[in-house]
Amino acid sequence: MSGRMGGGFARDLTITVGRHGSVVLDGTGIEIAPGQVVGLAGETGSGKSTLGLAMLGHLGPGLIAQSGIAVVAGRPILDAHSPVDPARLRDERGRTVSYVPQDPGSALNPGIRVGVSFAEVLRAHGVADAEARCAELFGAVGLRAEGQFARRYPHELSGGQQQRVAIAIAFALDPALVVMDEPTTGLDVTTKHRVVELVRRLASERDAGVLFISHDLQLLLGLTDRIAVMHGGAIVEEGRPDALLTSATHPYTRKLIGSLPSASARPERPDLESAPAVLEVSAVSARHRRVEVTHEVSFSVPRGGCLAIVGESGSGKTTTARAIAGLHADFGGAVRLHGVDLAHDVSARTQAQRRDIQYVFQNPWGSLNPRRRIGASIAIVARRLRGLGRAEAEEAAVRALEAVGLRADHAVALPQRLSGGQRQRAALARALVARPEVLVCDEITSSLDLSVQAEVVALLSNLQEEFGMAMVFITHDLALASEVAGQTVVLKDGFVVEQGLTSAVLARPSHPYTAQLVAAASASYRSAP
Amino acid sequence: MTSLDVPDITTPIHDRHTGSLLRAMLVDPRAWAGAVAVVAVVVVTLLGPLIAPTPPGEFVARAYAAPAPGLPLGADNLGRDVLSRVLVGGGAFLVEGLIAAALGIGVGVVLGMLIGISGRRTAGFLLFLSDSVMVIPQILLVLIILAAFGANPVTLTVSVALAQIAYTARVVNAATQGVVTEDYFRAARASGAGRAGLLFREVLPNIIGVVLVEFGVRLSVCFVALASLSYLGFSSGAVSWGAMIHENQGGITLQPLAVFAPVIMIAVFLLGMNLVRDALARAVAGRSAR
Amino acid sequence: MTTRERVATSDTGLIARMILRRVAIGIGMLAVVSLLVFFATQALPGDIARQLLGQTATPEQLARIRSELGLDRPAIVQYLDWVSGLVTGNLGDSLASGTPVSELLAVRVSNTAALVAISAAITLPLGVLLGTLAARRSGSWQDVSISSLMQGILALPEFVVGIVLVAVFAGLFGLVPPTSPLDPREAALAQGDLLVLPVATMVLIATPHLTESVKTLVRDQLAGDHVRWARLSGIRESRILGRYALRNVAGPSAQVGGVTINYLLGGTVAVEAVYSFPGIGSALVAAVAGRDIVVVQAIAMGVATVLVVTFLLADLIGILTDPRLRSTR
Amino acid sequence: MFGTTHSPRPRGLRRSIPIAAAGLGFVLLLAGCTTSSSTDDDTSSVLTVGIASLSDADSLDPAEATTTGGYVISRQVFDTLTEFGPDGNWTPQLATAVEPGDTADVWTVTLADDATWSDGDPVTADDVVATVKRWFAEELPPSGSLPFIDPDQVEAVDEHTVKFTLLYPTVTFPEAFTSPTTAIVPADFDPAKPIGSGPFVLSDNDPGVQLTFTANKDYFRGAPGVDELDVVSFADATSAASALTAGQIDVDASVDPTIVDVIDGTTGYSVFDYGTSGTLTWVMNTQQAPFDDPVVRQALRLAVDRQQLIDQVYNGYGTLGNDVFNPYDPMYDADLPQREYDPEAAKAMLEAAGYTLPLAVKLVGTDNQPTSERQNEVLVQQAAAAGFDIQYEFVDSATFYGDAYGTYPLSLSFWGFLGIFDQAAFTITATAPYNSSHWTDPEYDALFDQAIQTVDDTERKDLVAQMQTIEYDSGPYIVPMFLDALVGLSDDVSGATAYPNSDGAFGYNFRILSLG
């Protein structure tokens with residue numbers, strides 16, 4: 001491997017859909033030096049993945065390179081004017097430039113052991129001593145190097161482990177450039193940070209360039225040597241993270257930076273301390289197929305107050321939220337509304353009880369019936385739960401839409417016409433139209449782009465005050481919790497490990513796990529002012 | 001009240017409910033070819049009785065007389081005009097197949113949706129039952145039912161329909177699972193929607209594509225089954241394509257047209273149906289991919 | 001370390017337990033089938049006694065023959081008798097001839113077994129081959145021509161395929177005999193010329209479904225993230241097809257293969273009728289028409305058992321090739 | 001050898017279309033390499049007869065035979081005392097003589113003295129007595145068709161002579177023993193191992209598939225023409241015919257009339273055709289409206305265009321019927337005027353009797369013969385012109401002969417191959433066990449009783465003419481035509497002979513055929 005030139009660059013890349021279709025990449029370029037981690041930020045559809053894949057000489061179906069080149073280690077990988085020999089390209093991939101996919105769970109071949117997956121790539125490039133390399137690389141990414149681990153199948157690994165395997169494979173042949181496409185999406189905060197540390201270390205140790213694609217600006221700020229911001233198929237801003245924070249010029253970049261959550265706790269409102277509890281959750285132990293997933297979770301929410309439930313995926317926070325709403329009926333313990341025990345299953349609750357607790361789901365793409373117009377989806381709730389007539393319900397739906405910042409004519413649209421943020425607003429409107437006492441929000445911002453996320457959070461806070469509802473806010477992001485909730489409950493493996501005022505939890509975490517969360521939350525801002 | 005900027009939608013927001021599927025199919029040449037075939041057969045069936053040269057029962061030639069001037073498709077086993085019988089016999093056959101498929105689909109869809117929204121144990125048991133039924137090859141199942149109730153137009157149609165239920169229920173259940181795990185279904189439950197409301201307002205509109213494709217599949221299966229049963233000697237009696245196959249199979253070497261004319265009509269219809277169905281399936285897949 | 005990290009013990013004990021569970025399910029299915037078959041056939045109008053005596057029957061003769069055959073006992077008693085017979089391997093005696101069904105159908109079973117086995121031995125590899133080819137070149141002329149051909153055949157009832165083959169290969173070219181009256185004194189396999197057309201028909205009617213299913217499975221695999229990643233890691237196409245696509249569809253393909261066997265067994269009914277092939281398909285049609293319910297029941301249970309075992313084997317292939325199915329979760 | 005296709009290797013995929021095509025071609029090409037299994041290499045002659053169709057219900061016990069296969073077995077393995085010969089008259093078979101006493105209530109049967117069972121024992125009078133007693137002791141079907149026999153009055157006079165003393169005088173005694181169900185079996189008969197005296201021995205039996213017979217070289221009437229007889233089942237007449245013209249079989253026992261021309265047009269094959277007394281007859285139920293009215297019965301008889309029926313359904317192969325049975329019986333009255341198609345007259349009769357037309361009638365039929373459905377459809381068509389609106393319902397045969405049998409207003413039955421007296425005794429007289437028309441006529445019954453005791457032929461013929469006149473004028477049966485037997489033969493087969501009064505090809509007397 002001596003004498004190789006590290007890193008890679010792309011120049012003047014224009015990629016379109018078909019010969020005359022819309023422009024995906026608009027004459028843009030990027031450069032990654034050896035040992036450097038370059039972040040590529042931008043929202044969904046900004047073209048960042050297309051650029052990343054172009055560095056591997058891969059164009060998606062129907063895409064055509066109109067101009068420009070991509071070069072890695074001095075060798076052309078993509079050239080719009082003289083096609084690269086497919087056999088050579090195949091050999092360069094994996095050896096000179098490699099790829100870490102977004103979801104290693106689906107990218108690792110489910111049918112073969114991870115050690116074999118590793119060996120496959122080496123074999124494809126004629127490298128023999130797969131076993132030794134495997135031990136070395138698995139060790140380097142922090143996976144136990146002994147044979148047993150390599151003999152596992154992908155589904156037997158956690159998401160973090162799967163991602164480490166993918167990274168190990170990407171670095172297996174000491175490539176000049178590694179393209180990582182949103183490699184931390186779907187990982188827990190703590191795992192995410194371990195993976196990021198690993199990437200930094202490997203890049204510098206092995207002198208490889210890393211192109212790290214992510215929509216998560218906070219993450220990039222802490223990880224990268226340089227950040228490129230993409231918007232509309234072109235890089236609109238580029239610079240060192242600290243420089244970017246202070247002196248970004250492009251409006252889009254400014255908006256991105258502006259929407260970063262600040263880790264300062266929202267001041268709790270003293271008047272709520274004495275307010276009576278509207279919702280009590282008492283020793284709720286929920287089961288999934290006879291396995292207990294939460295263990296005696298208890299808390300109460302005062303009228304008009306907001307409580308955050310924080311935890312990583314699998315901690316039981318969504319199950320708890322669903323138990324409150326009566327959507328998960330298999331639990332022991334009690335949920336009380338105004339001191340009255342609620343039936344476990346929603347269908348056994350009274351109309352008024354159903355009205356008083358409203359639920360907003362995580363995924364705005366799935367929470368609205370795609371075959372029904374937005375207005376109808378909202379109106380039907382008003383008719384069912386408030387007993388309004390058809391005309392009144394439609395009227396109420398329009399008002400609810402306006403309350404969440406949508407327009408009356410959104411009522412006649414089908415959900416697929418709306419963006420993610422708009423849908424989440426519509427889902428909120430559907431909850432609000434019932435005039436609930438308690439609003440349960442289940443990770444309602446996690447699938448939204450960063451800038452949209454900030455908007456929705458701000459809207460939520462306003463609405464809560466305006467309607468005087470109590471709120472249960474589920475999130476995996478402690479920073480986000482601190483922005484909206486006066487109180488916080490931290491869940492780990494179904495146990496409540498921390499409970500109290502958000503400010504107190506942030507300031508003096510009593511459980512090591514909470515401390516880890518707090519550290520992780522502040523780590524992303526270490527470059528922030 | 002809020003100062004947040006809402007991305008403006010400049011174009012008027014109006015959607016046509018069923019538009020997307022239809023639009024996807026309108027640009028698909030295979031869907032067009034299929035539709036033309038289906039429409040052609042249906043038109044022949046509708047106009048046939050009006051344009052048939054002779055009454056279907058009239059004896060016009062020797063049994064199995066070969067095609068001749070004035071007898072373009074030859075004569076059948078009793079010396080009746082094959083062309084006239086083909087023109088007249090479509091209605092009964094198409095109606096039988098349609099009823100069988102609609103019946104099977106109707107029951108199967110409701111059953112499949114019910115399984116889809118019932119509890120794990122109930123659903124598991126019902127699926128086990130339907131798997132057990134599906135272990136028996138369909139033709140065997142139909143023959144057993146036919147044996148139990150004798151062969152006449154009603155039992156024939158119903159037994160073919162019954163044999164479809166388990167298959168449809170399974171497909172619909174799988175599709176329903178997809179809806180039940182969606183949050184809008186939970187949202188409807190949380191807002192107090194009843195069982196019927198859940199099935200027909202939340203589930204059905206969202207699996208309608210799957211149901212349509214399945215209907216296409218079942219229609220083909222039912223027509224093929226009815227034709228095959230006719231061949232095996234279980235036929236409905238009236239002037240119908242199925243009955244023509246049954247009546248004339250004895251002379252197939254002598255006057256193949258008497259059998260193949262109805263078979264070709266059935267095949268063209270089925271082929272057209274399959275093309276439309278596949279186009280629909282592609283459109284449905286395309287929609288769910290978005 | 002999270003709970004997800006728990007390693008599934010993919011040892012033989014686990015596999016044995018899963019197989020036992022599937023065997024139990026299979027037995028349960030057969031129980032359901034036996035109830036269905038028995039009580040459907042019990043509902044027969046008219047009965048074997050009439051069929052046996054024809055138009056010259058007298059009421060006395062009918063009563064006597066019914067009681068001889070045990071048809072006048074309560075249905076539940078008959079069912080229990082029948083099931084306990086099945087469990088001990090006794091399929092009962094034909095109502096028509098009084099001969100044990102096992103004896104009556106022995107030759108037919110071996111004929112149909114030969115027909116189905118040979119057809120499956122051709123159909124399964126052929127369907128996988130064509131399906132893979134079509135998937136690999138999705139949208140190409142190969143894909144379109146294979147799928148059009150398959151569509152065309154799917155639109156035809158089985159007997160039509162048979163009749164066309166007879167007309168062309170027996171009638172027009174005189175290459176093969178038009179009918180297949182196998183000599184019961186010889187093994188079916190020794191009468192190859194009589195098997196050609198029935199086997200060709202079976203292959204033609206069963207291949208389309210298999211091809212389409214394999215095509216979908218392989219195409220989905222080839223469109224999967226793991227294949228894309230393998231391509232981006234420089235793995236050769238041939239290896240991608242083998243290790244990343246075909247290997248992963250072995251389990252589901254085995255299921256589809258089971259369905260194909262189901263098609264083939266169902267297909268024997270029409271195919272055997274076309275060729276006068278002495279097998280269980282034609283025996284079934286005759287027994288249904290002749291109300292010989294013992295024979296109908298035996299054939300239905302026999303076919304169901306074969307298919308339950310087939311699907312059991314398919315499950316086994318799935319368990320052995322897909323590590324995820326072996327997981328304890 | 002079928003199972004070995006090359007397992008596909010990924011690298012060869014580009015070439016897989018030719019491989020796939022080759023795979024199919026391979027299957028078809030096998031035909032060329034495989035030798036036909038039906039040709040035997042030694043000198044023994046094997047006659048292969050295709051029949052539609054054998055069934056599991058084919059009985060090895062001749063007394064219980066109700067199916068084609070059962071009749072075939074009975075005719076090859078056993079002998080009857082008498083048979084209907086090629087001229088349509090009864091002739092002795094196992095018997096050498098069947099003679100009445102003075103008053104036809106005592107009959108003496110003399111057996112052939114050289115007949116032996118296939119195990120070598122001679123056929124004796126004791127066997128005949130045992131056979132008859134067995135029918136009655138076990139209530140087997142022949143006991144129902146021989147009402148005049150008193151089983152206690154059947155005695156063996158000597159080793160080859162049996163004396164029957166009847167319950168009442170019956171001149172048709174010899175005819176009653178022509179049916180294959182009345183075949184004589186050994187005294188110690190075991191249906192599981194049928195030992196018979198017939199021209200063949202059953203050597204292999206695969207029920208519903210194939211029957212294999214070996215020639216009984218010591219058959220007392222001379223060895224059969226071939227060494228082995230294979231009777232192969234075909235699902236339907238079409239496949240049997242194509243098997244014949246493809247050389248797979250030598251004899252097609254029942255050719256559908258519409259495809260006679262195909263076989264005749266194939267070099268090396270022809271159809272042997274002769275008229276029979278078999279008929280598909282419409283039975284009018286006289287207990288139900290409208291057929292309780294003789295006017296309606298006569299009107300429907302006029303509404304049948306018999307010649308058109310023969311032409312359309314039977315391709316011309318059939319003879320006109322005149323609503324009375326068996327033209328091959330010497331007693332048949334050929335002087336009755338042939339009834340012609342006259343829908344106008346029928347209509348006029350119905351209107352005169354006060355019926356509003358069209359007159360709705362339900363016709364129930366089954367596939368008791370391959371042509372039954374066609375014949376019913378033709379009736380629906382023809383009778384419409386005479387003002388009948390016939391609703392035809394097809395049911396399968398088990399349903400047809402089920403509990404509703406005998407209650408259909410109009411139905412199609414298969415009869416014939418019986419002498420006029422037996423036919424009357426079975427289906428016409430008041431005491432006839434199978435009279436599904438429920439018709440009774442005291443005058444007819446009196447004539448029957450008188451005729452069956454009348455030994456003098458001329459006198460009896462006169463009585464029969466009176467009986468047939470009553471049937472012709474007011475009877476419950478429409479006998480539109482008589483069926484032809486159509487047997488497809490390879491030119492190698494010789495010995496074909498007409499048996500007009502016996503069911504099946506040559507009455508299933510395959511011993512008369514030889515090869516080459």
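Contact here means heavy atoms within 4.5 Å. With that cut-off, 5 pairs of chains are in contact in this predicted model, and chains C and D share the most contacts of those pairs. Chains A and D, on the other hand, do not touch. Their nearest C-alpha atoms are 16 Å apart.

I'll start with chain C on its own. The UniProt entry, which is unreviewed, lists a domain called "ABC transmembrane type-1" at residues 109–318 of chain C. In the model, that stretch is 80% helix and 0% strand, and its end C-alpha atoms lie 29 Å apart. The unreviewed entry also lists transmembrane regions in chain C, including 113–135 and 295–320. I looked at those two. Residues 113–135 of chain C are 100% helix, with 32 Å between the end C-alpha atoms. Residues 295–320 of chain C are 100% helix too, and there the end C-alpha atoms are 37 Å apart. The other regions listed for chain C are 23–44, 156–176, 188–207 and 263–289.

Next, the interface of chain C with chain A. How many residues does each chain bring to the contact? Chain C gives 27 and chain A gives 34. The area buried between the two chains is about 2,800 Å², and carbon and sulfur atoms account for 52% of that area.

On the polar side, there are 11 residue pairs in polar contact across the interface of chains C and A, counting pairs with both residues at pLDDT 80 or more. Which parts of chain C supply the surface that touches chain A? Helix H9 (225–232), helix H10 (237–246) and helix H14 (323–326) of chain C each supply at least two residues. The largest share comes from H9(C), with 6 residues. By residue type, the side of chain C that touches chain A divides into 13 charged, 8 nonpolar and 6 polar.

As for salt bridges, the rule finds 2 across the interface of chain C and chain A. In one salt bridge, the side chain of Arg243(C) meets that of Glu120(A), at 3.2 Å from N to O.

Staying with chain A for a moment, there is one backbone point. Ala283(A) has phi near 50°, a positive value in a residue other than glycine. Ala283(A) sits in strand E11 of chain A, residues 277–288.

Now chain D. It contains an open sheet of 5 strands with mixed pairing, in the order E16-E15-E17-E13-E18. Which strands are at the edges? They are E16 (388–394) and E18 (477–478) of chain D, each pairing on one side only. E18(D) pairs with strand E13 (residues 279–284) of chain D in the antiparallel sense, over 2 bridges. Within that pairing, Val283(D) has Tyr477(D) of E18(D) as its bridge partner.

Chain D also has some cis peptide bonds to look at. Ala289(D) and Pro290(D) are joined by one, with omega about 0°. Where is Pro290(D)? It lies in the loop between E13 and helix H7 (294–302) of chain D. The peptide bond from Leu357(D) to Pro358(D) is cis as well, with omega near 0°. Pro358(D) is in the loop between helix H9 (343–352) and strand E15 (359–365) of chain D. E13 and E15 both appear in the sheet order I gave for chain D.

That is what I have for today.

Definitions and conventions. Residues are numbered from 1 along each chain as its sequence is written. Chains are lettered from A and ligands numbered from 1 in the order in which they are written. This is a predicted model: local features need pLDDT of at least 70, side-chain atom pairs count only at pLDDT 80 or more; totals for chains, interfaces and linings use all residues. Side-chain values use heavy atoms; hydrogens and water are left out. UniProt positions are given in the numbering used here, feature names are shortened, and annotations may be inferred rather than shown by experiment. Helices (H or I, at least four residues) and strands (E, at least two) are DSSP runs, numbered from the N terminus. Buried area is the accessible area (1.4 Å probe) that two parts lose on being put together, summed over both. A salt bridge is a side-chain nitrogen of Lys or Arg within 4 Å of a carboxyl oxygen of Asp or Glu. A polar contact is a pair of N or O atoms within 3.5 Å; within protein, one must be able to donate a hydrogen and the other to accept it, and residues adjacent in sequence count only if both atoms are side-chain atoms. Ala, Val, Leu, Ile, Met, Phe, Trp, Tyr, Cys and Pro count as nonpolar, Asp, Glu, Lys and Arg as charged, and the others, Gly among them, as polar. Two strands pair if DSSP finds at least two bridges between them.
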